[in-house]
Structures are given as C-alpha cells and as structure tokens.
Amino acid sequence: VIDIGKMYGKTGMFTYDPGFTSTASCDSGLTYIDGEEGILLHRGYPIGQLAEQSSFMEVSYLLLNGELPSPEEYEKFNYTISRHTMLHDQLRGFYQGFRRDAHPMAIMCGVVGALSAFYHDSTDIADPAHRTISSHRLIAKMPTIAAMAYKYSIGQPFLYPDNSLSYTGNFLRMTFGVPAEEYEVIPAVEKAMDRIFILHADHEQNASTSTVRLAGSSGANPFACIAAGIACLWGPAHGGANEAALNMLQEIGTPDRIPHYIERAKNKDDPFRLMGFGHRVYKNYDPRATVMQKTVREVFDALKVKDPVFEVALRLEEMALNDDYFVEKKLFPNVDFYSGVILSAIGFPTTMFTALFALARTVGWVAQWNEMISDPGQRIGRPRQLYTGPAQRDYVPLSQR
Ligand code: ACO
C-alpha cells in the first residue's frame, strides 16, 4: 500500500501491485480457478467434465448465458451461430492488403478490428440486442477469419463456410479443404479440435481478457475490444506459448538433450525458460494440460502417427517434475505444453497456433465483456501509477540548452 501523502503532499492511499498478482480488477460469475489445487470451473462445471462430455458450442452457450442449454436452446444457438459465419464480401479485399507472409495474428488483429466498420448495426453497446448480435457475430465469424488468414498465407483460395457441418468441422474444412474437392472431417480430429477450443474458451482475468475489459470499459465497440484482446494474446508469455513450446521441443529433438535444457532453464544468467511450464495462477498441474496429454494420444491413434516430439515432451515433463528447482517453484506443465504437439499432428503450422487460441478465447472475451457492460456499476478502468520521474522544474528554451 502506497501512502500518496508522502509522495505528492496529498492525502490518500493506493496499492502498488505490478503485474496485478494480488489485485482483483472486477467481480465475475464466469470462471473459478483454484491455482493451488489445480481446479478450473466454468459456471461451476469442472473443465474435465466439459472437455470430456460437452461441445464447444454448448460451453459457449454456458459462458454467455450462465446455464447449460435445453435441447431446444442448444439447437437454436447452433442455428444462430451458423447463420453468422459468412464474412462481408468486401473483407476479402481487405485480406489482399496484407503481405503474403503476414503472420495470421497480424491479419486477425486487423480484420477483427475492421469488423466494426462493417457491422454498424451492432455497435450500440447500451442496447442489449446489439450486444447479443455482435457477440454471436464474433463467435461465428472467428473460424472463417482464422481459416481465411491461413488460406491467404499459403496462397490458396478462400472456402465459404459449409453450415451443414459442426462449428469445428466447418472450421477444419475451411482450413484444410480445397474448392471442388470433397473434404472428409475425421471424427477424432474434430473431437480433439473441439476439445482444444473448450480448454481455451475462458480463463478468468488473464492478460488478454483484462485487456478486453479495459478497452471495453471506455465504451469501445466489441469488435475493437476483441481486436485488442487478440493483440495482447499474441505475446509469447501468453497465447504465443504453445508455438514457443513446440519450437522448443523440436529444438531439443531427442530425450538425451533434455538435461541440457533443464539446466539452462534453471540458470538465472540465461533468459531461457521451459516454454509451456509455469503459470501465474496454477501452482499445481494445470487441469487443462491433463486433458491435452490424453488428447495427444487419441489424435495420434486416429491419424496413425508417431511423433518423437511427444516422447520428448513426456520425458521432459517427467524430468522437470522430479527436479528440485521446478518442485520448489511449483512449475508444472500448462495448457500450452501439449497443445502444440496435437495441433502440429492435425496439420497446423506453428504460426496458426495463437490464431486458434484467439478463435476459442473469443467466447470468453465476449462473455466477460457482456458481463462487464451489463453491470450498472461499471466504471472506466483507470489504474494508478507510482511516479518515479523528476520533480516539477522549469522549461529551458532550446537556444539555452
Ligand atoms: N522455466 C524456468 N523458470 C521459470 C519458468 C519456466 N517456464 N516459469 C517461471 N520460472 C521461474 C522464474 O524464473 C522465477 O524464478 P525466481 O523466483 O528465481 O525469479 C519464478 O519461477 C516465478 O516466475 P515468474 O515469471 O515471476 O512468474 P509469473 O507468474 O510472473 O509468470 C509465466 C508466469 C509467464 C507463465 C511464466 O511461468 C513463464 O514465462 N512460463 C513460460 C511461458 C509459458 O508457458 N506461458 C504460457 C502461460 S499459460 C497461457 O497463457 C495460456
């Protein structure tokens, strides 16, 4: 707690908490995390049960509405989302403005932000109907936007959504399908992808969600707010970690090289960290990593692939969890440790990993944004600072310096 009286000759106190390690910025009924016990609940339901038994569309409904849908509500929600999967055709031209080798996240930031220029009829945030339509639009269009970013980067034509498929099946087809050719969705891959989306749907006040809330607190429109969230998610300490984790596992290559990397991670003079390890909140096994590890096996069995990188990951986990450094600092594998291995087996290049995370997290961002805007006591977010600059002084004209 900082006594601002001492600093500025004024009365009052505020807390100084860099990184917000112990400051709540809001109240929320969406997601509960007990980092010590490794528990994650969405609206009270354990993530393991949702990942095993539910679907991404159902979890989306749950996060948005607070309760699981009835069969009729579920059908209606699915239908509504599938009605909004198309992008305005002028946005195709917007894609052409990017360099071919643009990172998909660069395209996502731009295209999602640009949605506010195309859908004026859903940007009046004071109107609950506008908020609902913009939420549905964002969730529905994100797979189309991400798949188009991928197609653009590899020089293939865009595929229009096929709304007879599931949310996830449609995304896989738009990403990997080719015009005029039948695309067969492999059920195990569809299931794994859907599960990955569930595992990334929301995670309370992480950096990108806090960014969305802060942007939204000023009254910015939802498309702009989600674009801000995408920008924040891009960083390697957040959404970029699964890309970094897979790169690291590939660089390690074989189990005999693991000890060298563990030693590097422990060396404070070396900036290297074990990517996919550690978490701000979890001081126990990330419950999402447990599901991920199981899903890797299912995908490998379905695709009949064997990837040495998975063996390296399993062995690295085992060695780190038996190392005093990682035990004492409570560093466990997080959700990103295994997700890159699965996504790579499915066929995604590493540059798409964070884009997939953004696709899934859009549901959480949108639900959190709605929760905040619906709160009558909501105020603009405005953190304080601890000023460390010079005291007041007089300006010296350029000629006298
Ligand atoms: N490898 C080696 N040491 C680590 C690691 C790691 N992956 N993570 C943390 N540490 C060490 C730090 O060096 C620090 O040591 P010290 O106390 O001797 O200084 C201590 O553990 C605490 O680390 P902090 O960085 O202070 O913890 P913080 O909560 O700020 O950071 C973070 C959490 C960013 C996730 C961190 O663990 C990290 O960089 N991990 C690797 C990147 C990663 O996997 N990110 C994905 C997060 S999950 C997500 O975004 C979906």
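Visitor: What makes β3 and strand β4 a pair, and in which sense do they run?

Guide: In this predicted model, 4 bridges join β3 (residues 31-34) to β4 (residues 39-42), and the pairing is antiparallel. Two strands count as paired if there are at least two bridges between them, so β3 and β4, with 4 bridges, qualify.

Visitor: Which residues stand opposite each other there?

Guide: Y32 has L41 of β4 as its bridge partner, and T31 stands opposite H42 in β4.

Visitor: What lies between β3 and β4 in the hairpin?

Guide: There are 4 residues between the two strands. One residue in the turn, G38, has a positive phi of about 70°.

Visitor: Which side chains of β3 are buried, and which are not?

Guide: The side chains alternate along β3. T31 and I33 point to one face and are buried, while Y32 and D34 point to the other face and are not.

Visitor: Why is one side of β3 and of β5 left without a neighbour in the sheet?

Guide: The open sheet has 3 strands in the order β3-β4-β5, with antiparallel pairing. β3 and β5 (45-46) are at its edges and each has a single partner strand, so one side of each has no neighbour in the sheet.

Visitor: Let's move to the annotated residues. Why is H279 called buried?

Guide: The cut-off for buried is 20 or more other C-beta atoms within 10 Å. H279 has 24 such neighbours, so H279 counts as buried. H279 is in the loop between α13 (258-266) and α14 (287-303), and, not counting residues up to four places away in sequence, touches D286 and N334.

Visitor: Why does D336 count as buried?

Guide: D336 has 28 other C-beta atoms within 10 Å, and the cut-off is 20 or more, so D336 is buried. D336 is in helix α17 (residues 336-346). Leaving aside neighbours within four places in sequence, D336 is in contact with A241, N242, A245 and G276.

Visitor: How do you know that H279 and D336 cluster in space?

Guide: The UniProt annotation "active site", from an unreviewed entry, covers H279 and D336. They are spread over 58 residues of sequence, yet the largest C-alpha distance is 10.5 Å.

Visitor: Why is I262 called partly exposed?

Guide: I262 has 17 C-beta neighbours inside 10 Å. Buried needs 20 or more and exposed needs 12 or fewer, so with 17 I262 falls in between and is partly exposed. I262 is in helix α13 and, leaving aside neighbours within four places in sequence, is in contact with M319, A320 and D323.

Visitor: How do you know that helix α6 has close to its expected reach?

Guide: Helix α6 (residues 104-118) has 15 residues and reaches 20 Å from its first C-alpha to its last. The expected value is 21 Å at 1.5 Å a residue, so the two are close.

Visitor: Which residues of α6 are buried, and what covers them?

Guide: Among the buried residues are P104, M105, I107 and M108. The cover includes α5 (90-96), α7 (128-154), α11 (222-233) and α18 (353-374).

Visitor: Which residues come nearest to the ligand, and what classes make up the shell?

Guide: Of the 18 residues around the ligand, A241, R273, F277, G278 and R280 come nearest. The shell has 8 nonpolar, 6 polar and 4 charged residues.

Visitor: Where does UniProt place the "transmembrane region", and how much of the span is helix?

Guide: The unreviewed entry places this feature at residues 337-360. The span is 75% helix and 0% strand, and its end C-alpha atoms lie 17 Å apart.

Methods:
Residues are numbered from 1 along each chain as its sequence is written. This is a predicted model: local features need pLDDT of at least 70, side-chain atom pairs count only at pLDDT 80 or more; totals for chains, interfaces and linings use all residues. UniProt positions are given in the numbering used here, feature names are shortened, and annotations may be inferred rather than shown by experiment. A residue is near a molecule or strand if its C-beta atom, placed from the backbone, lies within 6 Å of it. Ala, Val, Leu, Ile, Met, Phe, Trp, Tyr, Cys and Pro count as nonpolar, Asp, Glu, Lys and Arg as charged, and the others, Gly among them, as polar. Two residues are in contact if their C-beta atoms, placed from the backbone, lie within 7 Å.
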